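Reader: Could you walk me through this one before I go back to the bench? I'd like to start with the strands and then turn to the cysteines.

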Amino acid sequence: MLPNSTLSLTLENEKGRFPLLLIKLESTLVAYVNACPHQYLPLDQRGKRILSQDGEILRCTNHEASFSTRTGEGVGGHGLGCALDAVPVSVEEDGWVVIANPA
């Protein structure tokens, strides 16, 4: 992934499907459940351009709710008082992205 970019994935296992949003910020990778807490629709449902130019704000394409990319906290519109659900991720030395529950 390029810096200041997003990637929307759907993970699947025996328990079902899981919408994941990966965000690459400079050398940091963060991840959230790809569901706006305002109405639980995917942040990128109406288009892929959800990251601000500086990479600091995620914006829901459905109702313009805004969230801090680094913390997931709502910072504007319908996002105020809400937060995205963080997903723990790490990148291994060989470049593999590991998605896991915290121990």
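Reader: So how many bridges join β2 to strand β3?
Author: Six bridges join them, and β2 and β3, the latter covering residues 28–33, run antiparallel. Strands here are DSSP runs of E with at least two residues, numbered from the N terminus, and two strands pair if DSSP finds at least two bridges between them. This is a predicted model, in which local features need pLDDT of at least 70 and side-chain atom pairs count only at pLDDT 80 or more, while totals for chains, interfaces and linings use all residues. Residues are numbered from 1 along each chain as its sequence is written, and side-chain values use heavy atoms, with hydrogens and water left out.

Reader: What sits between β2 and β3?
Author: The two strands form a hairpin with two residues between them, and Glu26 in that turn has a positive phi of about 40°. Leu25 stands opposite Thr28 in β3.

Reader: And which strand does β1 pair with?
Author: Strand β1 (residues 5–13) pairs with β2 (residues 16–25) in the antiparallel sense, over nine bridges. Leu7 stands opposite Leu22 in β2, and these strands form a hairpin with two residues between them.

Reader: Switching topic, how many disulfides does the structure hold?
Author: Zero, where a disulfide is a pair of cysteine sulfur atoms within 2.5 Å. Cys36 is in no disulfide, as the nearest cysteine sulfur, that of Cys60, is 3.9 Å away.

Reader: Why is Cys82 not bonded to Cys36?
Author: Because the sulfur of Cys82 is 7.0 Å from that of Cys36, its closest cysteine sulfur, which is too far for a bond.

Reader: Is Cys36 buried or exposed?
Author: Cys36 counts as buried because its relative accessibility is 1%, whereas Cys82, at 24%, counts as partly exposed. Buried means under 20% relative accessible area, exposed over 50% and partly exposed in between, with a 1.4 Å probe and protein chains only.

Note on methods: Helix = DSSP H or I, 4+ residues; strand = E, 2+ residues; numbered from the N terminus.
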